[in-house]
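Welcome! Take a moment to look over the structure below, and then we can walk through a few of its details together.

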Amino acid sequence: MNMETARGTAPRTDVVIAGAGPVGLLLACELALRGVRTVVLERLTAVDETIKAGGINTPTAEAFYRRGLLPALAAVQKEAFSRFHSFMRQRQAAGAGSIRPAPKFAGHFAGIMLRGELLDESDPDFHHAGPAGEVGFVSQQALERLLAERAAGLGVEVRRGVELTGFDTDAGGVTVHFREVGGGGEIEETGSGGEAGGAGGEGLRAGWLVGCDGGRSTVRRLAGFPFPGTDPEITGRQALVEMTGSEKLGMGWNETENGIYSHGPVPGRILTVEFDGPPADRSAPVTLEEVQASLRRVSGTDVTITEVHTATRFTDNARQVPEYRRGRVLLAGDAAHVHSPFGGQGLNLGIGDAMNLGWKLAATVHGHAPDGLLDTYTAERHPIGAWVLEWTRAQIAAMRPTPHSRALRKVVTELTGTVTGTTYFAKKISGVWQRYDLPGDHPLTGRSAPDLVFADGTRLGAQLEDGRGLLFVRAGDPGPAGPADLTGLTGLTGLTGRAAEYAAGYEGRLRVVTADCPDRPELAGLLVRPDGVVAWGAGTEASPGTEAAGGGTGGGDTAGGDATGGNATGGGAARSRTAGTATATRTDPATATCTAPTTACTADELTALEDALRRWFGAPDGMAV
């Protein structure tokens with residue numbers, strides 16, 4: 001047990017996380033990686049095998065790559081591709097009349113498939129994820145199992161069969177009350193109390209509580225977070241089944257007079273969408289008869305379902321909390337935002353929340369976080385969540401079986417039939433254009449760091465595996481031509497000369513890599529946060545191609561991802577930035593090409609680096625923040 005007893009009363013830990021889904025487990029891993037004592041409470045006794053998201057986007061793949069988990073994801077994807085090929089063989093054996101070669105998959109929007117052959121793969125935004133860009137066909141359950149193993153290896157205590165019932169907060173922390181769920185369904189009280197702020201007995205004392213407990217979050221409700229949004233208008237059903245007559249179903253997404261259904265990309269996977277309002281009882285079991293009736297109504301076939309392996313309902317209820325933090329209580333994942341599941345949006349959005357929050361909360365626990373660092377969690381993640389809600393609402397608008405929506409759907413279909421349209425949607429779906437609006441003028445600032453390949457063959461992504469930040473310094477940088485006034489450092493002027501001082505001043509928080517990067521000679525240096533986001537860059541003697549262009553801030557599917565939808569963020573161009581905030585805009589492109597073979601760090605850039613180090617990592621060791 002990784003806890004101690006505080007004042008002889010409640011067991012004490014640093015952070016309690018409610019929910020052991022992928023978001024809660026990843027957050028726990030991020031905290032443990034930085035030496036934060038963490039306990040996870042989960043009501044379920046095992047991984048939930050209910051069918052859920054089937055794909056991840058590029059930022060999610062990058063997150064796992066940067067923690068050394070990409071080989072495991074690649075193995076999962078290989079198995080998923082094997083199931084897809086099995087599905088195609090079954091279709092062939094059943095004599096389905098609509099069999100045709102499977103197109104290269106680039107995602108979909110509202111069930112409108114994108115044709116991979118129309119994708120402009122020369123777009124620079126598609127070329128910076130490194131090996132992570134090759135992985136996307138990974139299920140939520142596989143992620144959860146992988147993260148559970150990693151959490152165990154990092155010493156995280158995951159208490160399954162335990163349900164949070166309430167908590168009390170004060171200036172010093174949070175006392176969490178919970179109860180154990182017995183094997184027969186009975187409840188055993190472990191801590192008294194059941195309302196936030198109640199006078200119940202102590203259960204588990206922590207400095208912080210994070211609700212990762214899903215769309216019906218107990219933490220959100222008890223903490224009193226507002227949850228505004230739009231009401232649902234659909235009932236969706238998704239299931240893995242055994243059935244006869246499946247050859248009568250179209251493959252992929254199909255539009256009918258009564259709604260939309262999807263068949264595949266693995267054997268027995270079906271999904272239906274009906275615009276008849278939300279279900280009367282979301283908690284009622286999903287029966288074989290219900291799934292079969294819905295599939296028959298929407299598809300217009302007499303398909304017979306003989307067995308249901310797993311099934312779930314969903315709606316397009318779209319809501320988001322205005323702030324992700326209230327004092328010592330924070331929210332992440334579906335606890336902070338809900339929406340329709342098209343494209344596995346919730347999974348990718350939640351993974352992004354966990355990566356953003358983990359290192360900031362760890363720094364806060366350890367006492368070296370600069371002022372306001374934890375508040376940048378909401379500032380950076382809320383705009384992305386808001387965009388995802390809009391993206392999913394737009395898909396609902398294009399799916400309704402009404403004349404107006406069908407007319408809109410035709411327009412969108414025509415757009416996706418062009419190179420420009422396909423590339424636009426694929427970039428949104430893949431999430432490659434995500435950007436936080438951070439201080440600084442470098443084209444890479446606020447974006448996911450490119451996976452630089454250094455002269456010795458190592459990659460930037462692999463340097464982030466221990467959860468520290470990274471300062472890349474180009475070997476032999478001569479420094480500014482004139483004097484620089486850099487507070488707290490000695491008279492060394494070149495960035496290379498200062499690398500050792502940075503390494504010593506931020507030991508344990510920052511890795512400094514001094515190397516050549518032959519493919520990117522214009523880069524004199526990059527400061528990369530623990531979540532893989534560029535916080536500072538130097539070396540921008542670039543060609544005019546680095547001007548700002550339209551874009552946004554979001555997340556979603558990847559090529560080869562979930563067969564249920566798209567994702568990301570939109571918006572026009574904007575240049576203004578404020579510390580720690582995000583907007584639905586981006587500076588294009590992610591790679592600047594320089595007119596000179598190399599560029600040196602200027603005095604202004606070195607001063608900006610000092611500011612960035614203090615803003616994101618606090619003061620150097622031995623100095624006040």
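What follows is a short tour of a helix, a helix partner and a buried residue.

Please keep in mind that this is a predicted model. Let us start with helix α4, which covers residues 140-153. At 1.5 Å a residue, its 14 residues should span 20 Å, and the end C-alpha atoms are indeed 20 Å apart, so the two values agree. The buried residues of α4 are Q140, Q141, A142, L143, E144, L146, L147, R150 and A151. After α4 comes G155, which has a positive phi near 85°.

Which helix packs with α4 at an angle of about 30°? The partner is α1, made of residues 22-33, and the two axes lie 9 Å apart. Because angles under 35 degrees count as roughly parallel, α1 is roughly parallel to α4. The crossing of the pair is left-handed.

Here are the residues that meet in this contact:

| Helix | Residues | Contact residues |
|---|---|---|
| α1 | 22-33 | P22, L25, L26, C29 and L33 |
| α4 | 140-153 | Q140, E144, L147, A148, R150 and A151 |

Sorted by character, the contact residues of α1 with α4 are eight nonpolar, one polar and two charged.

Our last stop is D353, which sits in helix α7 (residues 345-366). Is D353 buried or exposed? With a relative accessible area of 0%, D353 is buried, because buried means under 20%. Leaving aside residues up to four places away in sequence, D353 touches Y324, A332, G333, H337, Y377 and R381.

Definitions and conventions: Residues numbered from 1 in each chain as written. Predicted model: local features only at pLDDT ≥ 70, side-chain atom pairs only at ≥ 80, totals over all residues. Heavy atoms only, no water. Helix = DSSP H or I, 4+ residues; strand = E, 2+ residues; numbered from the N terminus. Expected span 1.5 Å × (residues − 1). Buried < 20%, exposed > 50% of the residue type's maximum accessible area, 1.4 Å probe, protein only. Axes fitted to C-alpha atoms, helices over the stretch in contact; angles between N-to-C directions. Parallel < 35°, antiparallel > 145°, perpendicular 65-115°, else oblique. Left-handed = near helix turned anticlockwise from the far one by under 90°. Contact = heavy atoms within 4.5 Å. Nonpolar A, V, L, I, M, F, W, Y, C, P; charged D, E, K, R; others polar.
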